[in-house]
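User: Please take a close look at the charged contacts and the cross-link in this model. Walk me through one region in detail, and keep it brisk.

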Amino acid sequence: MLRLIWAICLTLLAGPVLAQTVERGPAPGWVRAIDADAVPVVDRSGAPFRILVWDHQIHVDDQATHAWSRTRTLIQSTTGLAAAGTVSAAWKPGSQTLTVHAVNILRGDQVIDVLATQSFEVLRREQNLESSMLDGVLTATLQPADLRVGDVLEVITTISNHDPVTGRHGEYILGGQFGVPVERFHVRMTWPSDRPVRVRAVAPWTLPTPRRGPAGYSVELDIRDLAPLEIPTNTPVRFQHARQIELTEYRDWTDIADLMRPLFERAAVLEPGSPLHAEIERIAQAHAAPADRAAAALRLVQDDVRYLALAMGEGGYVPASADETWRRRFGDCKGKTALLMALLRGLGIEAEAALVSTAFGDGLNERLPLLTLFDHVIVRTVIDGQVYWIDGTRIGDRAIADAAVPAYHWSAPLRAGGPGLEAMPVRPLRSPALQISLAFDSSAGLDAPSALVGEMVMSGETALALQAGLANLSATERDEGLRTLWAQAAEGFEVDSAAAVYDDEAGLLRMTMTGSGRLPWTSMGAGRRLEFPETIMSFPIAPAREAGPYADLPYVVAHPSYIRSTITVKLPPGVAGFSTEGADIDEELGGYSLRRTTTLVDDLVTITLSARSLVGELTAEQTEAARVRYAALESAPVALLASSAYRPTEADAAALSTETDNVDTLIQRGEILRARGDHRGALAAFDRAVELSPGSAGAHVSRGGLLLDRGEFARARADLERAVELEPGGVLATNLLGFLAMQEGRFDDAVLEFTVALRLQRDDLGALMNRAWAYRRMGRHDRALADYRAALALDDAQWGIRVQELETLREMGRGEEADGQIAARLAADPADAAALQARMAAAIKAGTPEDALPALDAAVAAGPDRMEIRGFRAEARARSGDAAGALEDIAAIRAAAGTGPTELNNLCWTQARLGLNLDQALADCEAALAAVPGSPSYLDSRAMVRLHQGRLAEALADYEAALEGAPRQAASLYGRGLAREAMGDAAGGAVDKAAALAIDPEAAADFDMFVRARGGAPAGE
């Protein structure tokens, strides 16, 4: 760390030509050193070293800009000796001199002069050689002998800068943002009264007005205990450059342009008989359009002239001529810019050099004009009235229109009478930088292996860089790397082949693969469902910052970026009953244009997604709004649905046949059959697996889980306990034993099992939540609360966990604490779903649902697109007697929902629970069941509607059918119990209700509107 600080102190601006040795001498007369405090002793902070003094003084005169510095560092440990025990100073001998005034070790009352017995060693390291940069910087290093823990190392130097190109223009930039505290930070700047010097501080610093004295002007800053700033990294770069002081003699940015323009104008003039004339003629003959000519010239400079930065001597500012760069076939940004200017002008295209800053571009317009801020130069060209910024040091650009505008924000065009600075707005990309396509061929059947053809297409500089990396690999390494890439992109599929081809003309890298595997269809009642998690509209969105001085700063957006992906699934031909779920999306959110479309034409499903950045930053308010909306999109993937009308193909039958002796295959097939709702077939597969391999823990776990679903608890326990015997570290079997114990009402045993699971896997969120529920059933609310809070520490994005935490607080008699948390969360975010649901639940339990409405109204106003909040308000309104208001919210939910069976069932269930709009609710359920006949959850929703309508026999029939497919569906058991009671079977109804409550103690809550509408008495009396 300290080496970096000394590099900042010692590397800056200038001195006489070819000063290749370290000079010695006294401190300059213009220095006013601050009084040093007494040497402290080592403290117990644990810091390896402490910076006691950082004193930096700048002086401008007719010869140079001088930077004197003194640092004092207390060594506190052996680690500190390694980190801060080397004195290192760097300078450019062509334009700078380094003078060392003193290197001292302060030990108690002793002052040990290190330079009395030691000298600096001068090295030329070229630390950026691997980046093709030669800067000629020399580094003086010294290892102070006998430096000990408890010593203070003092270093006093001056670097003087006199660049022959910049002449008498003095300038300096100094930073005060360190990674460690500085106990005394002092800066002083001085200059003669006849020099047009200006100074400026960057926030949060401010400078006093310069004072005039006999020797000229001075300005000073003296700070005690300067602590590092912790600026969020997701802020724009201009906010990262805090605590800086600038000094300049340039009047404005045009001064800099006027200084540098002649250098590039001379360098862009071609010599008589230059071979570049032939290149210009060749390009002109091959291309007629100016844009095509410019693209050919850019490609010539990028492809045929390698990049090598030359910053030695005058090379830091003076470009090599176009002809010299062409002869060498290498050049830096200056030489390549001059060459590109010469070519474009020879082709009749307007072109000029433009200085840019890769580090300080954002906010450059707010700074004082300093040449040292610019570290790069590109070409500004105008073609058909459109301004383009093109860079000869890039690689892979092919079309001028597709050449990305670099995110430099501002440039200084080297044009006579120019603007000084010109904004460089970054346009959204016209075409994707990355395109991904996955084509699944499931025409043989849903359970048969699907063939997969994948393709990734990358463009531009990134594509060429990746191609270069692949080219450097052996054939085996290249194949392994591509296979690994595709294994991640197509999880669960075997990669049969992988290849990559670079199209040099188009500048595209095309990576392809073929493979095979099974798409993860799951059961959905009598139908099937295939969800595509990769169709969630995900994009980089920064998490909310903590409260503080930076909370409201803008957020950076990755711009420009453009990714498009396409997924196709070829279905078995001529099979009816397929449908899709998941609304199309076309909106601007979080600085991106997000689009998603899904089509089902004949037997081909096509899903297309794209995310294209539009801007480079967002306000904090815009980012928060994007988070809210994104939360809704995150839970809405596209799904493909197959109705119960689907009949297995011969390939399906072969894939699911249990006539195999491979245990892993049998377990996999059993899980497929279980997902399809074929419990009998799944059990046969699991039985066969156990028979073939009695020692397979996996076979016992799979069968035990299935038996648990079927309510065969004794057999399930035997399998799961055997699985634990075979594999004591099996987390799944242990969790299932805990769930089984809860189903049987053995909550103490459940706690024990979930505790064991958590010891095996500390971050098992499901085990934490289940153990918390078991603790609540035992009345151990304190432990339940601890588990919920541990779960929130693992994943605080799941607002359902927060709801459980708040409900537990109320059960503990800590309602005021829960209310305080709810109020605080709603103050921070009026649309906090967890706080809103908890407030509504409390109001309902108190019999005053209307008390929740003010908060819900504010939440809907803050997040009108949050449909889950609309659902909360619909319930609160309905329970408060405002049926019209509830129907208004339900209408909004309907307008935002898709037309898939899941969305239709959700609408049906919402209306049925509230006893509202029952005819429409029934129509919604009928439509959902038409798409997925026999779905137990959809049948349960329709049964609820019919229960409210008084159609008891039909409701009972629906509940019977639902329970046939899902025997332990608590809502259906409770609803059947109510229907039986209403039809006179009080005993049967009581049995069903008790069974439901044993599975889910909250099962009755969904029926309280029905019971209330019946006056609290069983329906039918």
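Analyst:
**Salt bridges, paired strands and a disulfide**

The structure holds 84 salt bridges. The model is predicted. A few of these contacts are worth taking in turn, starting with strand 20.

Strand 20 covers residues 350–356. Its residue Glu350 forms a salt bridge with Arg380. The closest N and O atoms of Glu350 and Arg380 are 3.9 Å apart. That falls within the 4 Å cut-off for a salt bridge. Arg380 sits in strand 21 (residues 376–383), so this pair ties together parts that are 30 residues apart in sequence. How do the two partners stand in accessibility, buried or partly exposed? Glu350 is partly exposed, because its relative accessibility is 44%. Arg380 is buried, because its relative accessible area is 9%. The cut-off for buried is under 20%.

Glu352 belongs to strand 20 as well. Its side chain meets that of Arg415 in a salt bridge, at 2.7 Å from N to O. Arg415 lies in the loop between strand 23 (410–413) and strand 24 (422–423), so the pair of Glu352 and Arg415 ties together parts that are 63 residues apart in sequence. Glu352 is buried, because its relative accessibility is 7%. Arg415 counts as partly exposed, because its value is 25%.

The backbone pairing covers the strands on both sides of that loop. Strand 20 and strand 23 run antiparallel and are joined by 3 bridges. Within this pairing, Ala354 has Pro413 of strand 23 as its bridge partner. Strand 23 also runs antiparallel to strand 24, and 2 bridges join them. There, Ser411 has Glu422 of strand 24 as its bridge partner. Strand 23 therefore has strand 20 as one partner and strand 24 as another, since two strands pair if at least two bridges are found between them. The loop that holds Arg415 lies between strand 23 and strand 24, and the salt bridge from Arg415 goes to Glu352.

Elsewhere, Asp146 and Arg148 meet through their side chains in a salt bridge, at 3.1 Å from N to O. Asp146 is partly exposed, because its relative accessibility is 46%. Arg148 is partly exposed too, because its value is 41%.

Some charged residues are linked in a network rather than a single pair. Asp857, Arg870, Arg873, Arg877, Asp882, Glu888 and Asp889 are linked in a network of salt bridges.

Now the cross-link. A disulfide is a covalent bond between the sulfur atoms of two cysteines. How many disulfides does the model hold? The count comes to 1. It joins Cys908 to Cys925, with 1.9 Å from S to S. The pair links distant parts of the chain, 17 residues apart. Cys908 lies in helix 27 (residues 901–914), and Cys925 lies in helix 28 (residues 918–931). The link of Cys908 and Cys925 is left-handed, with -90° about the S-S bond. Both ends are shielded: Cys908 is buried, because its relative accessibility is 0%, and Cys925 is buried, because its value is 1%. Another cysteine, Cys333, is buried at 10% relative accessibility.

Technical notes. Residues are numbered from 1 along each chain as its sequence is written. This is a predicted model: local features need pLDDT of at least 70, side-chain atom pairs count only at pLDDT 80 or more; totals for chains, interfaces and linings use all residues. Side-chain values use heavy atoms; hydrogens and water are left out. A disulfide is a pair of cysteine sulfur atoms within 2.5 Å. Helices (H or I, at least four residues) and strands (E, at least two) are DSSP runs, numbered from the N terminus. Buried means under 20% relative accessible area, exposed over 50%, partly exposed in between (1.4 Å probe, protein chains only).
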